[in-house]
Amino acid sequence: MIIQNHNGFTEITGCKALGELYAERDRLGDMPVILVHADDMENSVSEETAAWLMDAPFITVIAAENTGRFSYGLMSLFDVRLGGNPYPAASADADERYRFLCGDTAYEMLSAGKTENAPNFVTVLSDEEGFSAAAVSYLEHICSGRTSGQLSILTGCLKAAVKGGTEAVLSAESNGFYALMAQKTEEQSDE
Amino acid sequence: MNEKAFVITEDDGILVLTMQSEGNNLMTASFFEGYEAAMAEVERLASEKKWKGMIICGGGRHFSVGADVESLSERSSKELPELRSTGQSPEGHHRQKHFFTFLYDLPFPVVSVVTGFCIGSGSEIAVNSHFRIAEKNARIGQPESTFGILPALGGIARSITHTGMQNAFDIVVSGELFSAERAGEFLWANEVVGKKAGFSRAKQLINFISSTGEEFTADKAAGFYRRFLETGEV
């Protein structure tokens with residue numbers, strides 16, 4: 001398993017099983033976003049690893065060119081799913097986790113059973129540069145120009161939703177805003 | 001403050017808030033003063049329990065171009081001592097935030113008709129509404145992160161609710177503007193309609209929900225919208 005740091009995120013390649021990622025968790029550092037390339041990964045996960053992923057303080061991203069190879073249970077452990085194709089609606093569950101990951105309207109659409117693909121479940125990337133490179137480019141683009149500190153606060157607000165729901169995010173937004181504004185003011189006074 | 005910057009009217013049992021403040025609803029201190037007064041009036045009217053719903057729209061070509069970053073920065077700098085002394089985000093911020101987030105708790109459906117630019121705190125008015133009907137010319141986004149800050153008026157929380165963690169991550173962290181069509185693809189917009197068609201579509205949706213006779217709450221909004229689509233009413 002290879003761990004490589006980029007601006008704002010850590011990229012994991014050569015991971016054969018999520019258990020391997022869990023075993024190496026102390027080597028992951030403190031980046032706010034972790035990208036796991038999953039094309040060589042087995043389609044299974046232990047309860048212990050699943051609990052760790054669900055509880056992770058960073059944004060977890062899985063990149064799998066063939067998303068349909070993985071179970072909904074495994075895919076839905078990740079906050080963000082990047083794929084070369086959409087995820088079949090028949091393989092997804094209209095559960096509360098789906099609602100959280102994909103939004104209220106997507107949940108209703110999946111529940112109604114009238115869509116071929118699971119709405120909002122996978123962000124489909126173009127593979128002109130190769131799928132793995134496209135996944136890295138996607139995150140490079142999103143994180144571009146953000147400092148590690150700003151990314152940590154932004155992703156912290158998003159992750160507040162996992163445990164505390166909407167109220168926790170509303171509170172985290174306000175605290176995060178003033179933390180960033182204080183940083184900006186200090187930077188400006190230093191200049 | 002321009003007295004006509006925020007106009008509340010009634011249209012067949014529906015409250016209509018038209019924002020027509022200067023600079024395409026540029027959110028200056030003056031804008032917020034008028035906005036908070038208008039929303040306080042909406043809050044008062046809502047207690048009358050006679051409304052079918054509410055539509056929020058821009059009076060000109062644009063919904064709102066968002067906050068004036070310079071005046072936002074100036075105001076926030078003044079608030080920082082309060083933050084440092086109390087350890088809490090300032091009282092003024094909570095008051096302002098209330099007049100965005102309370103929309104989601106109103107007992108009737110709130111629909112934002114999104115036209116032209118709908119950016120930053122303007123976009124936060126839209127996401128605090130239960131529904132967003134975007135016209136084809138709309139450009140939408142939460143670009144706060146590109147200025148080194150973040151959306152703090154419900155923009156992150158509601159983006160998760162409407163588009164899921166998957167897309168909220170992209171919208172909030174990248175800060176990129178996106179088209180109405182893109183907003184429809186990832187379900188930020190419930191619907192994308194042609195120019196000038198948003199208002200009548202918003203009325204149709206509110207009238208449908210009212211016609212069911214069922215109690216409206218925010219957590220039922222997406223379900224109501226699905227049923228509205230199933231009627232095939234266009």
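Which residue in β4(A) is the bridge partner of A:L35? The partner of A:L35 is A:V61, and I will start from that pair and work outwards. Please keep in mind that this is a predicted model, in which local features need pLDDT of at least 70 and side-chain atom pairs count only at pLDDT 80 or more, while totals for chains, interfaces and linings use all residues. Residues are numbered from 1 along each chain as its sequence is written, with chains lettered from A and ligands numbered from 1 in the order in which they are written.

Chain A comes first. Strand β3, residues 33-37, pairs with β4 of chain A in the parallel sense over five bridges, where strands are DSSP runs of E of at least two residues, helices are runs of H or I of at least four, both numbered from the N terminus, and two strands pair if DSSP finds at least two bridges between them. With helix α2, residues 47-54, β3(A) and β4(A) make a right-handed β-α-β unit, meaning that, with the strands pointing away from the viewer, the path from the first strand over the helix to the second runs clockwise. β4(A) also pairs in the parallel sense with strand β5, residues 80-83, over four bridges, and there A:I62 stands opposite A:R81. As for its surroundings, β4(A), residues 59-64, is mostly covered, five of its six residues being buried; a residue is buried if 20 or more other C-beta atoms, placed from the backbone, lie within 10 Å of its own C-beta, exposed if 12 or fewer do, and partly exposed in between.

Let me turn to where the chains meet. Here 42 residues of chain A are in contact with 40 residues of chain B, contact meaning that the C-beta atoms, placed from the backbone, lie within 7 Å. On the chain A side, β5, α4 (96-102), α5 (104-112), α6 (131-143) and α7 (148-190) each supply at least two residues, and the largest share, 20 residues, comes from α7(A). That side divides into 23 nonpolar, twelve polar and seven charged residues, with Ala, Val, Leu, Ile, Met, Phe, Trp, Tyr, Cys and Pro counted as nonpolar, Asp, Glu, Lys and Arg as charged, and the others, Gly among them, as polar.

Now to chain B, which has nine helices and eleven strands. Its radius of gyration is 17 Å, close to the 17 Å that the globule rule gives for 234 residues, so chain B is as compact as a globular protein of that length; the radius is taken over C-alpha atoms, and the rule is 2.2 Å times the number of residues to the power 0.38. Of the 234 residues, 53% are buried, and helix α5(B), residues 121-128, is mostly covered, with eight of its eight residues buried.

Within chain B, six strands form an open sheet of mixed pairing, in the order β1-β2-β4-β6-β8-β11. β1 (6-11) and β11 (191-193) stand at the edges, each with a single partner strand, so one side of each is left without a neighbour in the sheet. Further in, β2(B), residues 14-19, runs parallel to β4(B), residues 53-58, joined by six bridges, and B:V16 has B:I55 as its bridge partner.

I will close with B:E214, found in the loop between α8 (198-212) and α9 (221-230) of chain B. B:E214 is exposed, with 12 other C-beta atoms within 10 Å, and from B:N24 it is 190 residues apart in sequence and 37 Å apart in space, C-alpha to C-alpha.

Methods
Contact = placed C-beta atoms within 7 Å.
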